[in-house]
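Q: I have a model open and would like to go through its cysteines, and then one arginine. Can you take me through them?

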Amino acid sequence: MKLKKQVTVCGAAIFCVAVFSLYLMLDRVQHDPTRHQSGGNFPRSQISVLQNRIEQLEQLLEENHEIISHIKDSVLELTAHAEGPPVLPHHKPNGSWVLPPESCPSFLSVSPQDCQFALGGKGQSPDLQMLAVYSLLPFDNQDGGVWKQGFDITYEPSEWDTEPLQVFVVPHSHNDPGWIKTFDKYYYDQTQHILNSMVLKMQEDPRRRFIWSEISFFSKWWDNISSQKRAAVRRLVGNGQLEMVTGGWVMPDEANSHYFAMIDQLIEGHQWLEKNIGVMPRSGWAVDPFGHSSTMPYLLKRSNLTGMLIQRVHYAIKKHFAATQNLEFMWRQTWDPDTSTDIFCHMMPFYSYDVPHTCGPDPKICCQFDFKRLPGGRINCPWKVPPRAITDANVAERAQLLLDQYRKKSKLYRSKVLLVPLGDDFRYDKPQEWDAQFLNYQRIFDFLNSRPNLHVQAQFGTLSDYFDALYKKVGIVPGMKLPGFPVLSGDFFSYADREDHYWTGYYTSRPFYKSLDRVLEAHLRGAEILYSLALAHTRRAGADSRYPLSDYALLTNARRNLGLFQHHDAITGTAKEAVAVDYGVRCVLLHSLNNLKRVIINAAHYLVLGDKDTYHHDPAAPFLGTVSSALPHGPVGAAGLGHPSLCDPAHRFLVVFNPLEQERLSVVPVLVDSPHVRVLSEEGQPLPSQLSARWSSATDTVSACCLQVSVLARLPALGLRVLQLHKSLDGHTMLKSSVRLYLHGRDLPVRKQEVVPMHVFPAAADDFCLENQHLHACFSGRSGLLIRRAGEEREQRVSSEFLVYGTRTSKDKSGAYLFLPDGEAKPYAPKDPPVVRVTEGPLFSEVASYYQHVQTVVRLYNVPGVEGLSLDLSCLVDIRDHINKELALRFSTDIESDDTFFTDLNGFQIQPRRYQRKLPLQANFYPMPAMAYIQDAQSRLTLHTAQALGVSSLSSGQLEVILDRRLMQDDNRGLGQGLKDNKRTCNRFRLLLERRTTVQDGRPISFPSLLSHITSMHLNAEALVMPVAQEKPALRSFTPLSTTLPCDFHILNLRMLQAEDDSLPSAEAALILHRKGFDCSLEAKNLGFNCTTSQGKLALGSLFQGLELGSLQPTSLTLMYPLGTASNSTSIHLDPMEIATFRIRLG
């Protein structure tokens, strides 16, 4: 309303100026001496003088008319910006659609200072850059003897004479929260017994140690134990016998998981630990994720952890690092100009984290010291030499044999402190195993420690005991930079554990669940933010007693289910079929997604009410209808979207939620049952709308409630916009799209929709193009697929095609983990040519191609700003009749990218990649959770994705993504199943082509543009639409932010913290912000977002409209540690790429 008043005043002022100008001009006509002279004969020639006056007045009126019309245009434009475009689109004679002019400022320029970061150049180069290491290694896989993937290790017995070897044996049990069994089945069968035995057995000897990482299991067990047992656990933690390592809800996958979810599960675990045990994790433990991302060390460092351990790294890299004593290093982010992101990392050197591969290089010997495998047990040693119980008679010989392995392993590291893990999957589930391991090892330790001539000190230890001893050796406080260790930057994808067995299949396995993960994530973030804002406003108004605070329990449950799904056998698609179904039910189909919709509806109800005193929460009669969701099995005609239906005449108002922290101009889809509908803004102004048919198949429209209205609406940042739908009684009909259907010679029945013009052509089309004011996209008439794309200056070839990979005929075949193709991909050859349907309309046009196994829709939005600058692409894939096949989508361009391409890590950062010809095809695939791009000196093509999939660039100018895989056999990594439970899955993308203006290539660092970042956000955080279910009270749009956030700031989350009662919120919230790094060298015009950048400065005190910031405390990422003292200042500063957490009170 404030802006509307400003517009009115401004318009009135301009009008007054114009009228006053007219008055002055008329006055001048009367008093101009020259004119007065010419009228000197007035009495003699009255008529001619009057004629002159009339002509002059006509001229002045004409000039004034022009001024008035310019004023009208200005006022209209200003009003359009304030209220949404009031003028409807119109159709030009040449067939193209024209939208009303968009008055929103195109783009406020970015300060040159904010462009410096992406240029890099500051700071020292790391000692180890993983891109360079890959180029250096031969990957020749030579036989290393007893350490097959390594080399023979020798030593001199006198090497430890001056400095004894210090050995820490770390007992652990790796508990997968779902894999072969479901989470609950594992808990009841094994995990509860492990933890119960742990409490009992650890108290028997204070020298015993144990570590635990999965809080999802630990919290379930905690809820079921007595207060005495809880007290015992706290004692064990307090005296250092039990350590909680990493402390996340799970040990997350690092390839497919998005950084929002990685952080969320870390916070959930840390908050649980702090509240229930009063402990803060110090060290990270990741023995089982299939490759490691450099995002994880950043998150651990920001959480104030000081050391971390990783295991699954390509065997050739392990060998190289072992040979050069680089298995321990300071892991630094590629963009870091100093040492602020450094964290100490220990890489395990051998094949696995089980006992045979952890004591030293010879698994045949190490297996003899896994005392669970003593003769008579259920498992034995594959090397045919069983363990022997330690007795006085054999302890000298056994201890010497084990010490030899310890010494050899220690030769791979730079210090005389050695870490020896002792455990495996679900170990220590029976008291007998605790006794066998701990008693036999203690006898060995006692022997070794009593022989000074052996120069060894061996003991049980925790992970932090090991790191502390290492730091103590060099006299450094834990967390500081260790001198004498290399600095490494980069990541550890892709992983191979032996031969050419690359674990690159799981980047795509079960894409349906990967999509669901992101839908749940988007809803959780939206629900957290709206709940926090609604709660702050109700508390400020003293109305919180009437608000459903119990929704907090639903949020907690959703956080934990999303966290559970980040587990490295869940989002990866590498669990048993029944376990995958269990995850699906927990996360979406019955549980969390529906609960989150409820939270969003309840919060929106309060926030849009004009009169808050009338607020009444009635769970039985929700004020708003169901939130629409982009479920991954939706019909292709709507790009897989589920939309609210307004077939019921009572539903005549909509509330639209924008989860983005930037205002957006979006096309909002709604289902209606009549073409005679007008969509109006809250103030009653008509909004541009397009009427389309809904399709159930290539040629069949949906009959009941069958029309879709797409409305162009400006949505406030993190806000709620109220829209009205009216029956159009004055004959006004909305702008219709038109349809051309090309049957390609196929004899198919066509069901037309009467109100939407449709033309059916029996043959295939010629090549054709669609365009908006920024893009010109051309398609093959035969395939319906993209063939080229033109911008304003030049045309770029961007063609797409579908391909199929088979699997090998040899013993080793592709499975859930591994990608082992039978050679290069072959073109996809369906038995019938596609039906191609072209829809054209004022707000969007699209091309839908229906093949046997895949349906694609390429949509071009004819709207100003972000939506109109990229192509929207969806692929509905169904390969349930395939046998050992993988379906890929390849884009081929004339971009000269050579062997370089770029993929994101966890949606957080970009990692340059290089196609390695010395490696097999499958080794060149990488995870793509959010985007991948190729570029040359002129152009960059980015493929944005709404779900994690595997991606590569196998030759210059290409980008290729694996859409789905159906595999009939296990790949011998323990799962015991193939991938045969495929579902129809809609994969959603955006294709963005940008011009580059300045080039700085060849560096191990790259960033998306601001436009690219915002395009990704639009794709991943769709507007949510809620129909008003009750009779309309006074509704008012909700605009929570009082100022525009800088373009490079992202509100990652605004999350209420737990009260003493787990099910209720406290007065505090966690505000998590991310300042994105971006590349200014990509052309930034016509971007249509009205934000700028601020050198990382943000005034939080005045950010939230109608709320006061009661307190602001910077903390570590997971809120465990306050950073500095809380000050009165509410202005903050973030460095580029920084993620920062603040404990705040809003009200």
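Q: How many disulfides does the structure hold?
A: This is a predicted model, and it holds five disulfides.

Q: What is the handedness of the link between cysteine 359 and cysteine 366?
A: That link is left-handed, with -90° about the S-S bond, and the S to S distance is 2.0 Å. Cysteine 359 counts as buried because its relative accessibility is 2%, and cysteine 366 counts as buried at 0%.

Q: And where do cysteine 367 and cysteine 381 sit?
A: Cysteine 367 and cysteine 381 form a disulfide with their sulfur atoms 2.1 Å apart. Each of the two lies in the loop between helix H12 (363–366) and helix H13 (395–410), and they are 14 residues apart. Both cysteine 367 and cysteine 381 are buried, and the torsion about their S-S bond is about -100°, so this disulfide is left-handed.

Q: Are cysteine 769 and cysteine 778 in a left-handed or a right-handed disulfide?
A: The disulfide is right-handed, because the torsion about the S-S bond of cysteine 769 and cysteine 778 is about 100°. Cysteine 769 is partly exposed at 33% relative accessibility, whereas cysteine 778 is buried at 1%.

Q: Which cysteine sulfur is nearest to that of cysteine 986?
A: The nearest is that of cysteine 875, 7.6 Å away, and cysteine 986 is in no disulfide. Cysteine 986 counts as buried, at 2% relative accessibility.

Q: Switching to arginine 664, which side chain of opposite charge is nearest?
A: The nearest is glutamate 867, 4.5 Å away, and arginine 664 is buried yet has no salt bridge. Arginine 664 lies in strand E15 (residues 664–672), and the residues it touches include Asn658, Arg714, His1018 and Glu1022.

Key
Residues are numbered from 1 along each chain as its sequence is written. This is a predicted model: local features need pLDDT of at least 70, side-chain atom pairs count only at pLDDT 80 or more; totals for chains, interfaces and linings use all residues. Side-chain values use heavy atoms; hydrogens and water are left out. Helices (H or I, at least four residues) and strands (E, at least two) are DSSP runs, numbered from the N terminus. Buried means under 20% relative accessible area, exposed over 50%, partly exposed in between (1.4 Å probe, protein chains only). Lys and Arg count as positive and Asp and Glu as negative; His and the chain ends are not counted. A salt bridge is a side-chain nitrogen of Lys or Arg within 4 Å of a carboxyl oxygen of Asp or Glu. Contact means heavy atoms within 4.5 Å. A disulfide is a pair of cysteine sulfur atoms within 2.5 Å. Lists of a residue's contacts leave out its neighbours within four places in sequence.
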